[in-house]
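Me: I would like a close look at the empty space within this structure. Please describe the pocket and the cavity in turn, and then the backbone and strand features that can be set beside them.

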Amino acid sequence: MEHNYRTDLWVDWCPGCGDFGILGALQQSLAELGEKPENIVVASGIGCSAKTPHYVNVSGIHTLHGRGIPFATGIKLANPNMTVILDAGDGDMLSIGAGHFVAAGRRNIDMTIIIHNNGVYGLTKGQSSPTMPRGMKTKGLQRPNIYDSLNPVNLALSVGYTFVARAFAFDIKGSKDIITRAIKHKGTAVVDMLQPCPTYNEINTKEWYEKRVYYLNKDPTWDPVVKVPEPEEAEKKYKQAVDKSLEWEEKIPLGVFYQNEQVPSYEERIRNNFPTYFTDSPSLSRICNDDGTPVARMERIFADRLIRK
Amino acid sequence: MSNVDIDLIIGGPQGGGIDSAAQIIIRSFSIAGYEAYGIREYHSNIKGRHSYFHVRIKDDLVRSLRYPVDVLACLDAETPFVHMNDITENTLVLFDQDLRNTKLAQVLTMEGETKKHIEERLVKEGCELTVNGALECMKRSGAKLVPVSFRDLVIKALGPNKPPARYANTLGASISMALMGLDSEFTRSGIESVFGKKKEVLEDNEKIVKVAYDFVEKNDGISVKKLGAKVTKERYILTGNEAIAIGKVIGGLKLQTYYPITPAADESFFLEGHDYFEEVIAGENESLSKSGVVIVQAEDEIAAIAMAISGAMTGARTATGTSGPGFSLMAEAIGYAGINEIPVVVSLYQRGGPSTGLPTRNSQADLLFAVHAGHGDFPKLVLSSGDVNEGIEDAVKAFNYAEMFQMPVIHILDKNFANSFYVIDGIDYSKMKIKRWKLHEKNDEEYERFKFTEDGISPMSFFGKDIMWLTGDEHNEFGHITEDPETRDKMMEKRMHKLEVAKNTIPMEDQAILFGEKDADVTLVSWGSNKGLLLDMLDKLKSEGVRANFLYIRLMAPFPSEFVLNVLKNSKLIIDVESNYTGQLAQLIEQNCGFRIDNYLLKYNGRHQTLDETYDGIKSIMKGESKRVVLRNGA
């Protein structure tokens, strides 16, 4: 029987929330990939987006505000053969968890980060998130926003993410394709997922986005993939991605900005010191004999601390 | 009575080889069959500031240090000033005579406040404000000065082309050991075991040892009592940090996360050097299998605990190590591990707080914080160890308990433990059986991570085995969010009940121990690295005819209330001994047992507590002179 990727819980987002589109795209993507559901974990931080794992019928870990990245990372460290997808809010990734977002770019663990980007903190009644432009006044704000916004795609590129894409929540098919590519990518993939918040962001609405978004691959010459392990090739593709990342306001590009699988994943870097890491991963490794005696013995492993004449 | 019982301090600038000198001394005596225990004291600084190693050598069990010391070896100009008060009649003070005229004001590495205190003492004694003045001061107290030119001796040994400063530590250690009467054969072995067997290094050190021993032999002013030969055997010399690392690996550690912090980071650093190894698989033909531990330097402590938590939920024995500032950052995630019933272990090395406090100094002031860390009510275990054998065993047990009761375990330790050198014969594997969780055996689609059971412990599974959900929100048996009041009550009661189960399952000797006589005139109450000191104190008091006992508490949460109350109810004079300001263990006792302790022996200057000051404090309380004695030893 085909696995049903939906749980039977009532989905408690506001009607018209972009999260519905993201959830649908993710469920479709997982169905398309067809991996063993028990080998998949959907992680999240805190906020509306963070409820996503409960609605997907694979394992879920709904964690702490901003800490989705290290929680997701721990799963991969313990078992590098798991598929891990993190659904996080723009506040989660770019404000409270921004340090982790930067560090994850340097690690390149094989996992996927979907940033639910709607410019506001929904569950706490509409405060500005790091992606809301300065001067913008949504109905949840007492006064116009006095912070400048940051550019998630540009930030992701600058801290070393090896797959950087943008999608729009209400193009479910397009988003599904991008999520699938992101999950298949070897290394950390970031998807900046634009989504309206129908309750607190009356400016960046579904219609506002629909007027502006376009897919990069409409241009047949667009090629974001670093194909050979040469610095010139990586630099060319990187610069082109940075250039495109600056495009906003009138025209908003969607699709894959940059992909580089020439960079070793963190798991591969661990394997260099720990050759059996993938086949005898920490989670599966035997730690004792049947009678409970430990298999790790002091006199074998720590003989260098034995002092003798 | 011991025939050999010597306290030594060797001091010099940080980065000037004091660590190597410490290793040489403790290894040399250990190789010679003597017992040794020592501790490193150092500033939060890489190069220049004063650091020293205090060690005690005995021919039988040694668990504590004493002031004044028998030998003071000064490798620089700062040491004689700083340790002026640590000597007594007949203390041998080894110093560099080329530095005799160095003025106190010229010792730029010394902090202004320290300088002021020393200046006051020198002025009061009518001594000049130079190294000479400090030496004169010590001489008046009966110290025997041993002047030596480090420069001349290094040149004599190695010629003019080797930098004398680089050999000061080996030379200082060698002369010290010659003064203590250790046969040069053992000194050479000790040096060899520290620096390895490279030919050039061996030759140089051979020459250094020779000039050191010649110097002492030909020095008419010193009479050395030669130490007798002991049976030598192979032994481990371990710091507390290393012991925890070893215990974790034996206990099945597979993933360790950390963010660099003193005094915890040495544990992870040591693990990084032992992260891929052969394991012994039992069977008809015992076989070896290669395996490893993943050690991850995270971007901060929040990431370290978060990675550890989800690693544990992916089936690996997972731990992190930190100190107060890092543990403060981990508090929210500890609560997450509590509500999600996650078997994660945190090794918490206390240091002087609050805030950055005294980053490299000792403290026991995080006990109540550890017990109460995290918001809301949730079960956690707080386990304390007092020496390396206990530390190794407890590191294994911490994992066992974490998995058996499915809750976070805080293994609380301190800087004194972390940076002490202990000599041990080996370990007892019979005390280190691995016990794992009650596993969900079936593979079905309806796994309930938080299934209600009689003992509150749900069958365990992990990511990669069954589909399950975790959330920091209150949840139902499947792990989905709920705010239903009845389910909330049942979940709270399920989780908290596990503490009762843990308390009833953990052996009493792992919770609290009463050492010494059952019926005593004075009862000492303490925990952690004070253990060895107070055991030595019991021996000392006994030898003077004082009937004393020592209530040593190991399990801080859940608390062994009945046992503790029973001991205290039947005690006469009770003294709480701790390295903090507020008597946190006494507070914990009052909170759990409703019993108030009235007498305190406290220390919070960050320096290691010594036998002499503890003894004086106990006597003062016994005489009724004081109810709260603050110990102030240590440079």
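Reply: What follows treats the open pocket, the enclosed cavity, a strand of chain B, and some local details of the backbone. The model is a predicted one, and every value below is computed from it.

Rolling a probe the size of a water molecule over the atoms shows where empty space is left. The largest pocket holds about 660 Å³ of space. Its lining consists of 30 residues. Those nearest the centre of the pocket are B:Val82, B:Thr114, B:Arg607, B:Gly634 and B:Ala635. Sorted by class, the lining comprises 11 nonpolar, 11 polar and eight charged residues.

Which elements of chain B each supply at least two residues of this lining? They include β3 (50-58), α2 (78-82) and α3 (112-125). Of the contributing elements, α3(B) gives the most, with five residues. At the level of domains, residues of the lining come from both domain 1 (5-218) and domain 2 (237-431) of chain B, so the largest pocket lies between them.

The enclosed space is a separate matter. How many cavities of 30 Å³ or more does a search of the whole structure find? The search finds one. The largest cavity has a volume of about 100 Å³. Part of its lining is formed by B:Tyr37, B:Ile39, B:Arg63, B:Ser64 and B:Leu65. The lining also includes B:Asn416, B:Ser529, B:Asn530 and B:Leu533, together with B:His608 and B:Gln609. By class, four of the lining residues are nonpolar, six are polar and one is charged. Domain 1 (5-218) and domain 4 (509-630) of chain B each provide at least three residues of the lining of this cavity. Domain 1 of chain B thus enters both accounts: it gives residues to the lining of the largest pocket and to that of the largest cavity.

The next element to consider is strand β12 of chain B, residues 317-323. All seven of its seven residues are buried, so the strand is largely enclosed by the rest of the structure. Both faces of β12(B) are covered. On one side the buried residues are B:Arg317, B:Ala319, B:Gly321 and B:Ser323, and on the other they are B:Thr318, B:Thr320 and B:Thr322.

Strand pairing adds to this picture. Strand β8 (residues 253-258) of chain B runs parallel to β12(B), and five bridges join the two. Within this pairing, B:Gln256 stands opposite B:Ala319. Strand β13 (residues 345-350) of chain B is likewise parallel to β12(B) and joined to it by five bridges. Here B:Thr320 of β12(B) stands opposite B:Val346. Together with helix α12 (residues 324-339) of chain B, β12(B) and β13(B) make a right-handed β-α-β unit.

Some details of the backbone remain. Most residues other than glycine have a negative phi, and most peptide bonds are trans. Where, then, are cis peptide bonds found in chain B? One joins B:Tyr67 and B:Pro68, with omega at about -10 degrees. B:Pro68 belongs to the loop between β3 and β4 (71-74) of chain B; β3 of chain B is also among the elements that supply the lining of the largest pocket. Another cis peptide bond joins B:Ala557 and B:Pro558, where omega is about -5 degrees. B:Pro558 is placed in the loop between β21 (555-557) and α18 (561-569) of chain B.

Positive phi values occur in both chains. In chain A, phi of A:Asn108 is near 65 degrees, although this residue is not a glycine. A:Asn108 is found in the loop between α5 (98-107) and β4 (112-117) of chain A. Its relative accessibility is 1%, so A:Asn108 counts as buried, the limit for that class being under 20%. In chain B, B:Gln406 is also a residue other than glycine, and has a positive phi of about 50 degrees. B:Gln406 occupies the loop between α14 (388-405) and β15 (409-414) of chain B. With a relative accessibility of 0%, B:Gln406 counts as buried.

Helix α5 of chain A offers a contrast with the loop that follows. A:Arg106 lies in this helix and is exposed, with a relative accessible area of 63%, whereas A:Asn108 is buried.

Notes:
Residues are numbered from 1 along each chain as its sequence is written. Chains are lettered from A and ligands numbered from 1 in the order in which they are written. This is a predicted model: local features need pLDDT of at least 70, side-chain atom pairs count only at pLDDT 80 or more; totals for chains, interfaces and linings use all residues. Side-chain values use heavy atoms; hydrogens and water are left out. On a 1 Å grid over the protein atoms alone, a cavity is a set of points where a 1.4 Å probe fits but cannot get out, and a pocket is an open set with protein on both sides within 12 Å along at least five of seven lines; lining residues have an atom within 4 Å of a point. Grid points are joined across faces, edges and corners, and a volume is the space filled by probe spheres set on the points. Helices (H or I, at least four residues) and strands (E, at least two) are DSSP runs, numbered from the N terminus. Ala, Val, Leu, Ile, Met, Phe, Trp, Tyr, Cys and Pro count as nonpolar, Asp, Glu, Lys and Arg as charged, and the others, Gly among them, as polar. Domain bounds come from an automatic or database domain assignment. Buried means under 20% relative accessible area, exposed over 50%, partly exposed in between (1.4 Å probe, protein chains only). Two strands pair if DSSP finds at least two bridges between them. A crossover is right-handed if, with the strands pointing away from the viewer, the path from the first strand over the helix to the second runs clockwise.
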